[in-house]
Amino acid sequence: KKYIVSQVSVTLVRPRPIIVSVLGNVANPGLYTLTAVDRSNRAIDEANKPNQKQTPEEIKAIISEMSTRDILLKHKDGSQERVDITRFLATREDRWNPYLREGDILVVPRRNGVKNVFGIYGEVNSPGRYEYVRGDSVLDALQVGHGFTRLALCDSVEFSHLSSDGT
């Protein structure tokens, strides 16, 4: 009512800072100040930056044992989400690497390199061994392996797994 001008411009100087906790198998568990536009992987990256007491070899050892697919994100309101950074990098689906909120807690478990793994080989873009997460399907494995190459015979996929007695 006071100003007749109809054009108003607002500029955000910087995103709102938030405090999140990163716990579990990271180099430096603790509280981190990030912004409301940061995703889960940013908090984990911050928690894995070396401090003055840590050597690069120690950091590498911790990161090699860190789960990247079964990370738990607990929100202040009691809800939870699973963070799957490997799958996010393969698919770019936002649900696998959600934005952080004030008071979030990220729990990063240790990866078991012997159990809970699967291999995807042949005509896929990123063949190799990957961490298995409960609920994974063959399609999920193909996504994690960045899909078929153009030379793949998509109707000739072989699936095999070990039984409980190891055969």
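These are my notebook entries on pockets, surface, backbone and salt bridges in a predicted model.

**Entry 1: the largest pocket**

I began with the pockets, and I noted for the largest pocket a volume of about 850 Å³. Its lining is made of 25 residues, and those closest to the centre are G119, I120, E158, F159 and S160. I then looked up which elements give two or more residues to this lining, and found β6, which runs over 117–120, and α4, which runs over 138–144. The largest share comes from β6, which contributes four residues. When I sorted the lining of the largest pocket by residue type, I wrote down 15 nonpolar, six polar and four charged residues.

**Entry 2: the second largest pocket**

I turned next to the second largest pocket, where the space comes to about 280 Å³. I counted 14 residues in its lining, and the ones nearest the centre are D70, N116, Y132, V133 and R134. Here the sorting gave four nonpolar, three polar and seven charged residues.

I stayed with V133 for a moment, and placed it in the loop between β7 (128–131) and α4. Is V133 buried or exposed? I entered V133 as buried, because its relative accessibility is 2% and the cut-off for buried is under 20%. I also checked how V133 stands to D70, another of the residues nearest the centre of this pocket. Along the chain V133 and D70 are 63 residues apart, yet I noted that their C-alpha atoms are separated by 6.4 Å.

**Entry 3: a nonpolar patch on the surface**

I looked for nonpolar side chains on the surface and found a patch of about 370 Å², made by V138, F148, V157 and F159. F159 was already in my notes as one of the residues closest to the centre of the largest pocket. I located F159 in the segment after α4, and I recorded it as exposed because its relative accessible area is 59%, where exposed means over 50%.

**Entry 4: two residues with positive phi**

Which residues that are not glycine did I find with a positive phi? One of them is R92, with a phi of about 60 degrees, and another is H146, with a phi of about 65 degrees. I placed R92 in the loop between α3 (85–91) and β5 (105–108), while H146 lies in the segment after α4. For R92 I wrote down a relative accessibility of 54%, so it counts as exposed. For H146 the value is 38%, so I entered it as partly exposed.

**Entry 5: salt bridges**

A search of the whole structure gave me 11 salt bridges, and I followed up some of them in turn.

I started with R42 and D38, which form a salt bridge with their closest N and O atoms 3.7 Å apart. For burial, I noted that D38 is buried at a relative accessible area of 12%, whereas R42 is partly exposed at 34%. Both residues also belong to a network of salt bridges that links D38, R42, E46 and K49.

The next pair was R110 and E65, whose side chains meet in a salt bridge of 2.4 Å from N to O. I found that this pair links distant parts of the chain, with R110 in the loop between β5 and β6 and E65 in the loop between α2 (56–64) and β3 (71–74), 45 residues apart. I recorded R110 as exposed, with a relative accessibility of 54%, and E65 as partly exposed, with a relative accessible area of 36%.

The last pair I looked up was E93 and R95, whose side chains meet in a salt bridge of 3.0 Å from N to O. Of these two, R95 counts as exposed at 51% relative accessibility, and E93 is partly exposed at 27%. I checked R95 with care against the cut-off, and it is entered as exposed because 51% is over 50%.

Methods
Residues numbered from 1 in each chain as written. Predicted model: local features only at pLDDT ≥ 70, side-chain atom pairs only at ≥ 80, totals over all residues. Heavy atoms only, no water. 1 Å grid on protein atoms, 1.4 Å probe; cavity = no way out; pocket = protein on both sides within 12 Å on 5 of 7 lines; lining within 4 Å. Points joined across faces, edges and corners; volume = space filled by probe spheres on them. Nonpolar A, V, L, I, M, F, W, Y, C, P; charged D, E, K, R; others polar. Patch = residues over 30% accessible without salt bridge, like charges linked within 9 Å, V, L, I, M, F, W, Y side chains within 5 Å. Areas by Shrake-Rupley, 256 points an atom, 1.4 Å probe, with all protein chains shown as cover. Salt bridge = Lys/Arg side-chain N within 4 Å of Asp/Glu carboxyl O. Buried < 20%, exposed > 50% of the residue type's maximum accessible area, 1.4 Å probe, protein only.
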